[in-house]
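This report describes a protein model with two chains in view. Please look over the sequence and the structure before reading on.

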Amino acid sequence: MAECTVTTPAGVGLHARPAALFARAAAKASEEVTVSRPGGEPVNAKSILSVLSLDVRGGQEIVLRAAGDDGQVVLDSLVAVIRDSG
Amino acid sequence: MSDPLVVLAPVAGRTLPLGEVPDPVFAEAMVGPGSAIDPDPGTSVATSPVTGRIVKLHPHAYVVLTGSGRGVLVHLGIDTVELKGEGFRLLAVEGDEVTAGMPVVEWDVTAVRDGGRSAICPVIALDAPMDAVHLLAGPGRVAAGADLFRWQ
């Protein structure tokens, strides 16, 4: 399981546009991808409903986890989406 | 397989195909399939499109989750997150159980347009397959609370 913690850029966070891009990128993964607040319950990163409900704002830390052989590649793409969301 | 869900128009106005929404995130159904409404000018009371729980409530957008686990997103205007709630008044609280048609947000459609933004409201079936949505409202006017689309 590949894992990383990333801080969202200052701004509005993972609202509709970034959440859609984020879930889309996660959906490309062959296996499970989750996102959570540090110490929080992981939610399915491929579900826009779950990502929107997590309500990640700007400047907040989130933990990304991706299973499978392509886990790290998936995480790298998600970090890129988050970095561009500010 | 859940029973089909009828999603109601959250605002009164003119229906638009999702593809005509001036934001590719919605127009290309990146957030999911659905429909859109160009609302009547003036003060608008946006209502819940389905019966369920408000799992997310921002002044400019809300998500209602049905008992069968389906989430419907109502987004009031385009890029209206930038207004940080100005011109929007919450009529409900996140976590509320609501019935379809109940008021959620009161907002000033004209002020959104005067600020140079589109007031078009996408109504989205989150995480639904692209072919899951069947429009019930035809082109033209729709009343708030009227049937908008069916989620198979």
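The text below covers helix packing, sheets, nonpolar cores and a few single residues.

The model is predicted.

**Chain A: helices and sheet**

In chain A, helix α1 (residues 16-27) and helix α3 (residues 71-83) have axes that come within 9 Å and cross at roughly 170°. Angles over 145 degrees count as roughly antiparallel, and α1(A) and α3(A) are therefore roughly antiparallel to each other. On the α1(A) side the contact is made by A:Pro18, A:Leu21, A:Phe22, A:Ala25 and A:Ala26, which meet A:Ser77, A:Leu78, A:Val81 and A:Ile82 of α3(A). Sorted by class, this contact has 8 nonpolar residues, 1 polar residue and no charged residues.

Chain A also holds an open sheet of 4 strands in the order β1-β4-β2-β3, with antiparallel pairing. Its edge strands are β1 (2-7) and β3 (43-44), and each of these pairs on one side only. Within the sheet, β2 (residues 33-36) and β4 (residues 61-66) of chain A are joined in the antiparallel sense over 4 bridges. One residue pair that shows the register is A:Val33, which stands opposite A:Ala66 in β4(A).

**Chain B: a sheet of three strands**

In chain B, 3 strands form an open sheet in the order β1-β14-β12, and the pairing is antiparallel. The edge strands are β1 and β12 of chain B, each of which pairs on one side only. From one strand to the next the twist averages 30°.

Strands of a sheet pair through backbone hydrogen bonds, either parallel or antiparallel. Strand β1 (residues 5-8) of chain B pairs with β14 (residues 147-151) of chain B over 4 bridges, whereas β12 (residues 133-135) of chain B is joined to β14(B) by 3 bridges. In the β1 pairing, B:Val7 stands opposite B:Phe149 in β14(B). From β12, B:His134 stands opposite B:Arg150 in β14(B), and B:Val133 has B:Trp151 in β14(B) as its bridge partner.

**Nonpolar cores**

Which residues touch the most other members of the largest nonpolar core? This core has 46 residues, and those with the most contacts to other members are A:Phe22, A:Leu64, B:Val31, B:Leu73 and B:Leu126. At least two residues of this core come from each of β1, α1, β2, α2 (48-54), β4 and α3 of chain A, and likewise from each of α1 (24-27) and β6 (61-65) of chain B. Helix α1(A) gives the most, with 7 residues.

B:Leu126 has contacts in both chains. Residues up to four places away in sequence not counted, B:Leu126 touches A:Ile48, A:Leu49 and A:Leu52 in chain A, and B:Val31, B:Val63, B:Gly71, B:Leu73 and B:Trp151 in chain B. A second, separate core has 34 residues, among them B:Ala92, B:Ala119, B:Ala137 and B:Val142.

**Single residues in chain B**

The table gives the relative accessible area of four residues.

| Residue | Relative accessible area | Class |
|---|---|---|
| B:Thr47 | 8% | buried |
| B:Ile78 | 4% | buried |
| B:Asp79 | 30% | partly exposed |
| B:Asp127 | 38% | partly exposed |

B:Thr47 lies in strand β4 (residues 43-47) of chain B. Its contacts, not counting residues up to four places away in sequence, are B:Ala9, B:Pro10, B:Tyr62, B:Gly101, B:Met102, B:Pro103 and B:Val104.

B:Ile78 sits in the loop between β7 (71-75) and β8 (88-90) of chain B. Why is B:Ile78 classed as buried? Residues under 20% relative accessible area count as buried, and B:Ile78 is therefore buried at 4%. Leaving aside neighbours within four places in sequence, B:Ile78 is in contact with B:Val21, B:Pro22, B:Asp23, B:Phe26, B:Arg117, B:Ser118, B:Ile120 and B:Pro122. B:Ile78 and B:Pro4 are 74 residues apart in sequence, and their C-alpha atoms are 28 Å apart in space.

B:Asp79 is also in the loop between β7 and β8 of chain B. Phi of B:Asp79 is near 60°, a positive value in a residue other than glycine. B:Asp127 is found in the loop between β11 (121-125) and β12 of chain B. Phi of B:Asp127 is likewise positive, near 65°.

Definitions and conventions: Residues numbered from 1 in each chain as written. Chains lettered and ligands numbered in written order. Predicted model: local features only at pLDDT ≥ 70, side-chain atom pairs only at ≥ 80, totals over all residues. Heavy atoms only, no water. Axes fitted to C-alpha atoms, helices over the stretch in contact; angles between N-to-C directions. Parallel < 35°, antiparallel > 145°, perpendicular 65-115°, else oblique. Contact = heavy atoms within 4.5 Å. Nonpolar A, V, L, I, M, F, W, Y, C, P; charged D, E, K, R; others polar. Pairing = 2+ DSSP bridges. Core = buried A, V, L, I, M, F, W, Y, C linked by side-chain atoms within 4.5 Å. Buried < 20%, exposed > 50% of the residue type's maximum accessible area, 1.4 Å probe, protein only.
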